[in-house]
Each structure stands twice: as structure tokens, then as C-alpha cells.
Amino acid sequence: MSTHRPVVVLTGLNDPTSDYVIRELNDRGVPVARFDSGTDPVTFSAFAAPGQPWTGPLTTEHRALDLRDVRAVYHRRPSPFAAPDHLDAQQRTFVTAHARHGLGGVLGALDCLYVNHPHRNLAAEFKPRQITEAARAGLTVPPTLITNDPDVARAFAKEHGPVVFKPLRSTTYVEDGEHRTIWVRAVDPEEIDDRVSVCPHLFQQAVDKVADVRVAVVGDQAFASRVAVDGDHLDWRWDYERISFSPVEVPADVRTRIRRFMNALGLVFGAFDFGLGQDGRWWMYECNPNGQWAFVDPPTRIAIASAIADALEKGSPA
């Protein structure tokens with residue numbers, strides 16, 4: 001493999017997770033082309049011929065490459081495709097769709113490894129699919145209900161309490177002009193009312209846990225950090241100033257089941273959240289196929305960056 005073949009990193013400007021991987025690739029002498037496909041000016045011409053992969057030049061403000069030379073794509077967190085402000089609403093819709101299907105389509109059709117392929121990420125983000133595949137893989141998931149029926153939600157909360165509410169997807173929510181985060185929180189059956197009928201809600205039995213565990217999986221490798229909270233926070237993401245991380249080993253049977261889950265969803269990378277139960281069981285909450293890991297303990301962070309860089313440097317087709 002030519003040492004001149006670049007790794008393409010698709011992400012926004014402020015992404016420390018990508019920074020660690022890019023630094024590792026730079027230290028190895030692997031060329032990197034980083035840009036935000038949603039907002040950065042990109043000029044490209046993609047050519048296809050019978051029996052040949054996409055080829056042609058792609059240039060950004062700082063990089064130039066040929067599409068056929070891309071050894072791997074690290075699809076982190078590029079911005080949504082945007083159209084120029086001077087266009088009217090209908091024109092912006094047209095241009096945005098063509099950018100997503102044209103540039104985005106070409107960047108998703110290269111003959112190389114993806115970490116992860118954007119289509120795989122999209123499919124894996126649906127929590128109902130995650131729960132289905134987790135059950136098939138043998139992972140332990142708490143009793144879960146997705147409903148827009150308040151009566152059913154109340155009955156579930158009474159039968160399986162204590163119960164928590166979780167958003168089905170992380171979305172932008174603005175209140176009083178400020179961005180708000182919807183945290184995992186405990187739910188009393190008596191507070192469940194007709195507001196549940198507005199949209200589907202996810203309720204889940206709370207795990208009687210001694211700790212949380214974040215597991216970053218790269219291929220066949222799993223890197224786990226035990227999360228310690230100074231205080232009693234149901235959702236440890238609520239205050240990063242009050243949490244600490246320490247490396248922890250993933251049991252062999254859990255590793256095997258995680259691997260089955262990853263294979264079923266076609267993922268190279270996944271960030272899993274587990275609850276470590278009082279009974280010693282590892283309860284899976286969810287898998288973020290494009291989750292962050294730059295905040296974990298330094299030894300684990302370094303190991304994750306190295307493993308991702310290994311995969312990208314090798315660059316074999318998925």
C-alpha cells in the first residue's frame with residue numbers, strides 16, 4: 001500500500017475526539033485530509049467506469065486528493081449539508097439535497113474502510129433496533145417500553161419501578177432561548193399524563209447498579225472505563241466535573257456478545273454504556289455508533305486512539 005494514500009476525516013472544526021486520532025496518524029506518517037463536508041468549500045469531479053471504483057480530484061482549502069487513493073474514511077461528525085443563505089427556501093432545499101446525495105453520496109461510495117460508514121451509523125442509532133440486536137447477541141437489557149399511551153406507560157412504571165425516562169434520540173431543544181439537554185431521569189407513575197400521547201416515549205427499568213461503564217469497541221478490541229460519580233447522579237453526563245474514570249476489564253462473555261452486536265449492525269466502532277449491577281451483571285443501556293471517548297482516563301483514551309489509527313492506517317475494505 002502506498003504511504004501517500006490519505007485517510008479522510010470528516011468532522012466539524014471542534015472535535016477533540018478526531019484530534020487524538022489525527023495526532024496518532026500524523027506521528028505514524030500517515031497523510032490525513034480533514035474537512036467538514038457539510039460546510040467547507042469542496043470542489044470535486046467523480047468519474048465512474050465499468051469495473052472501476054470512483055476516481056477524480058477533490059480539493060478543499062487546504063487539501064487535494066484523488067478519490068481512488070483514499071485508504072479509509074473516518075466519518076466522525078461532519079455538519080449537515082447547508083446551502084448559501086442568498087437562495088430562497090425552495091432553492092436551499094434543492095441544493096442541500098443534491099449536496100447530500102452528490103458529495104455525500106460519493107464520499108459514502110469509496111472502495112475503502114469506513115469507521116463507521118454513515119449508513120451504518122444511521123441505522124444503528126435507532127434504539128428499537130439496538131434492543132433487538134442486543135437481545136439476539138445475548139446482551140442483558142433492562143425491561144423497556146416505547147409507547148405513546150399514557151395508561152400503558154403508567155402500568156409499566158408501576159410494575160417495573162423504579163423506572164427512568166430516556167429520549168429516543170438526542171435532538172436540539174431550545175427553551176427560553178437556551179439549549180437544553182434532556183437527561184435520563186426517574187419517573188413516578190403518578191406524573192405520567194396525556195403529554196405522553198404527543199410522541200413516543202422510552203421508559204426503562206432502573207438498574208440497581210454499583211457503577212456505570214463506558215466501553216469503546218474498535219474491531220475485536222474493547223476498552224472499558226468504570227465511571228465513578230462524586231454524589232448521586234442518575235445520568236453521569238450531567239456534570240463532568242464530578243466524575244472520574246478508571247480502566248476496567250470487560251468479561252469475556254460480554255466481549256463475545258458485543259462482537260455479535262457489532263457484526264449484526266456492520267460497525268467497526270461503537271461506544272457502549274453499561275450499568276454494573278449489584279448482582280455483577282453487565283446491563284446494556286445503549287450503543288452510540290459514533291460516540292465520543294476523549295473524556296475517559298488517559299491510558300484508555302490513548303489505547304482507543306491507537307486502535308482506531310491502526311484500522312484507518314490498514315484501510316482494508318469493510
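The following conversation examines how terms are applied to a predicted model of one protein chain.

Colleague: What makes the protein chain as compact as a globular protein of its length?

Modeller: The protein chain contains seven helices and 20 strands. Its radius of gyration is 21 Å, and the globule rule gives 20 Å for 318 residues; because the two values are close, the chain is as compact as a globular protein of that length. Along the principal axes, the C-alpha trace spans about 60 × 50 × 40 Å.

Colleague: How much of the protein chain counts as buried, and what is its accessible surface?

Modeller: Of the 318 residues, 42% count as buried. The accessible surface comes to about 16,900 Å², and 51% of that belongs to carbon and sulfur atoms.

Colleague: Which share of the contacts joins residues at least 24 apart in sequence?

Modeller: Among contacts between residues at least 6 apart in sequence, the share is 65%.

Colleague: How far apart are the mean positions of the positive and negative charges?

Modeller: There are 34 positive and 41 negative charges in the protein chain, and their mean positions are 5 Å apart.

Colleague: Let us turn to the rings. Why is the aromatic pair of Tyr20 and Trp293 called tilted?

Modeller: The structure holds six aromatic pairs. In the pair of Tyr20 and Trp293, the centres are 6.3 Å apart and the planes make an angle of 40°. Rings pair if their centres lie within 6.5 Å, and planes under 30 degrees apart count as stacked, those over 60 as edge-to-face and the rest as tilted. The distance of 6.3 Å therefore makes this a pair, and the angle of 40° makes it tilted.

Colleague: Where in the chain do Tyr20 and Trp293 lie?

Modeller: The pair links distant parts of the chain, for its members are 273 residues apart. Tyr20 is in helix α1 (residues 16–27), and Trp293 is in the loop between β20 (282–288) and α7 (298–314).

Colleague: Why is Tyr20 called partly exposed, and why is Trp293 called buried?

Modeller: Buried means under 20% relative accessible area, exposed means over 50%, and partly exposed is in between. Tyr20 has 28% relative accessibility, so it counts as partly exposed. Trp293 has a relative accessible area of 1%, so it is buried.

Colleague: What makes the aromatic pair of Phe272 and Phe274 stacked?

Modeller: The angle between the planes of Phe272 and Phe274 is 20°, with 6.1 Å centre to centre. Stacked pairs have planes under 30 degrees apart, so the angle of 20° qualifies. Both Phe272 and Phe274 are buried. Ring pairs also link Phe261, Phe272, Phe274 and Trp282 into a cluster.

Colleague: How do you know that Met284 is buried?

Modeller: The relative accessible area of Met284 is 1%, which is under 20%, so the residue is buried. Met284 is found in strand β20. Not counting residues up to four places away in sequence, Met284 touches ten residues' worth of surroundings that include Phe261, Phe272 and Phe274. Put more plainly, its contacts include Gln130, Ala134, Val141 and Asp273. Met284 and Val141 are 143 residues apart in sequence, and their C-alpha atoms are 5.2 Å apart in space.

Colleague: Why is Val217 called buried?

Modeller: Val217 has a relative accessible area of 2%, which is under 20%, so it is buried. Val217 lies in strand β16 (residues 209–218). Leaving aside neighbours within four places in sequence, Val217 is in contact with several residues, including Ile258, Met262 and Phe272.

Colleague: Is Asn121 buried or exposed, and what makes it so?

Modeller: Asn121 has 4% relative accessibility, under the limit of 20%, so it counts as buried. Asn121 lies in helix α3 (residues 118–124). Beyond its neighbours within four places in sequence, Asn121 is in contact with His75, Asn116, Leu267, Pro289 and Asn290.

Colleague: What is the form of the peptide bond from Val115 to Asn116?

Modeller: That bond is cis, with omega near -25°. Asn116 is in the loop between β9 (113–115) and α3. A cis peptide bond also joins Gly161 and Pro162, with omega about 0°. Most peptide bonds are trans.

Colleague: Finally, why is Asp69 called partly exposed?

Modeller: The relative accessible area of Asp69 is 33%, which falls between 20% and 50%, so Asp69 is partly exposed. Asp69 is found in the loop between β7 (64–66) and β8 (72–75). Apart from neighbours within four places in sequence, Asp69 is in contact with Arg5 and Pro6.

Methods: Residues are numbered from 1 along each chain as its sequence is written. This is a predicted model: local features need pLDDT of at least 70, side-chain atom pairs count only at pLDDT 80 or more; totals for chains, interfaces and linings use all residues. Side-chain values use heavy atoms; hydrogens and water are left out. Helices (H or I, at least four residues) and strands (E, at least two) are DSSP runs, numbered from the N terminus. The radius of gyration is taken over C-alpha atoms; the globule rule is 2.2 Å times the number of residues to the power 0.38. Buried means under 20% relative accessible area, exposed over 50%, partly exposed in between (1.4 Å probe, protein chains only). Contact means heavy atoms within 4.5 Å. Accessible areas come from the Shrake-Rupley method with a 1.4 Å probe; for residues, only the protein chains shown count as cover. Lys and Arg count as positive and Asp and Glu as negative; His and the chain ends are not counted. The place of a charge is taken as NZ of Lys, CZ of Arg, CG of Asp or CD of Glu.
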